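User: I'd like to go through this model and ask how each label was earned. Can you show it to me?

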Amino acid sequence: MDKITEVVKRVTEMEGIYDQALKIIDNAENSPEEFLGFQKELMRLADYYSSQDWKDDFALDEEGKLPQDLKRGVLSEDGVYNLLEQNKELLKERGNEGLEEADETLDQIFEMVKDYPDLLQKLVDAQNDYANKLECMVEATKQQLAESGEDILSDKDSVALETLQYKAKGELCEIAEQLLREAFLRKQETYEAQEKKYKELESEYRRLKKMETRYEVGHKVYSNDPCPCGSGKKYKKCCGKA
């Protein structure tokens, strides 16, 4: 495969990602899952845009050495840059919205599990683990910048960091939801036990009320009649026992 053929193949592949990214980003609000799921491909595009390959491909295009009918939007400096910047903003916006919703959910879950010390401890441990992950990400970012000598992360690394943060929060929420289900089941079991006890007390109350009514109306109880107390024994062998 000669050099031009190789370049055309690479540009065509990246152009496909670029075109698809334009559509997905434009529809990100309506299809957030598709938008988040496409981040891996966008990282490939960001990697290409910051590589020597892109610079070489761009130079060949400027020299007129690439086929005229080659679709080459991906070789537009402003086009790819603006796309990646828009993606970063949307990812950050989406992430912030998701994190705010997650924080509200976590507050509600705390209220639900606070009556169960073991579940509460697991939730606290999960939050601490999440905080440690964020701290590690911050330290890794500082190290990357120190090694590269740059002031800001590359587009690829920035997208990767945002994705990792979002994923870490998602893992925390998943654990929290599992604990919420456990708390709900426990509350349900408690409720069912209380309901059973209530029914037993209600039954006892009805039995006593029935016995009380019998005595109030002056109902004569004979020796072989069922005892009014509801024991199931004959009166003469229960309350009427001499």
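User: Among contacts in the chain between residues at least 6 apart in sequence, what percentage join residues at least 24 apart?

Analyst: That share is 62%, where a contact means heavy atoms within 4.5 Å. Before we go on, this is a predicted model, with residues numbered from 1 along each chain as its sequence is written. Local features need pLDDT of at least 70 and side-chain atom pairs 80 or more, totals for chains, interfaces and linings use all residues, and side-chain values use heavy atoms, leaving out hydrogens and water.

User: What makes up the chain, in terms of helices and strands?

Analyst: You'll find seven helices and zero strands, so the order from the N terminus reads α-α-α-α-α-α-α. Those are DSSP runs, numbered from the N terminus: H or I over at least four residues for a helix, E over at least two for a strand.

User: Why are α1 and α4 called roughly perpendicular?

Analyst: Helix α1 covers residues 3-26 and helix α4 covers residues 52-62, and they pack at about 110° with axes 11 Å apart. Roughly perpendicular means 65 to 115 degrees (under 35 is roughly parallel, over 145 roughly antiparallel, the rest oblique). The pair therefore earns the label roughly perpendicular.

User: Which residues meet where α1 packs on α4?

Analyst: From α1 come K3, I4, V7, R10 and V11, and from α4 come D53, D57 and L60. Sorted by class, that gives four nonpolar, no polar and four charged residues.

User: How do you know that D53 and R10 form a salt bridge?

Analyst: Their closest N and O atoms are 4.0 Å apart. A salt bridge needs a side-chain nitrogen of Lys or Arg within 4 Å of a carboxyl oxygen of Asp or Glu, so the pair makes the list. D53 sits in helix α4 and R10 in helix α1, so the bridge ties together parts that are 43 residues apart in sequence. There's a bigger picture here too: E6, R10, D53 and D57 are linked in a network of salt bridges. Over the whole structure, there are ten salt bridges.

User: Is R10 buried or exposed?

Analyst: Buried, at a relative accessible area of 19%. The cut-off for buried is under 20%, exposed is over 50%, and partly exposed is in between (1.4 Å probe, protein chains only). D53, its partner, has 35% and therefore counts as partly exposed. Leaving aside neighbours within four places in sequence, R10 touches Y48, D53 and D57. For the whole chain of 242 residues, 26% count as buried.

User: What makes D61 and R72 a salt bridge?

Analyst: Their closest N and O atoms are 2.7 Å apart, so they pass the distance test. D61 lies in helix α4 and R72 in the loop between α4 and α5 (77-113), so this bridge ties together parts that are eleven residues apart in sequence. D61 has 18% relative accessibility and counts as buried, while R72 has 22% and counts as partly exposed.

User: How many helical turns separate K133 and D129?

Analyst: About one, because they are four residues apart in helix α6 (residues 117-148). They form a salt bridge as well, with the closest N and O atoms 3.7 Å apart. K133 at 31% counts as partly exposed, and D129 at 39% counts as partly exposed too.

Methods. Axes are lines fitted to C-alpha atoms, for helices over the stretch in contact, and angles run from 0 to 180 degrees between N-to-C directions. Ala, Val, Leu, Ile, Met, Phe, Trp, Tyr, Cys and Pro count as nonpolar, Asp, Glu, Lys and Arg as charged, and the others, Gly among them, as polar.
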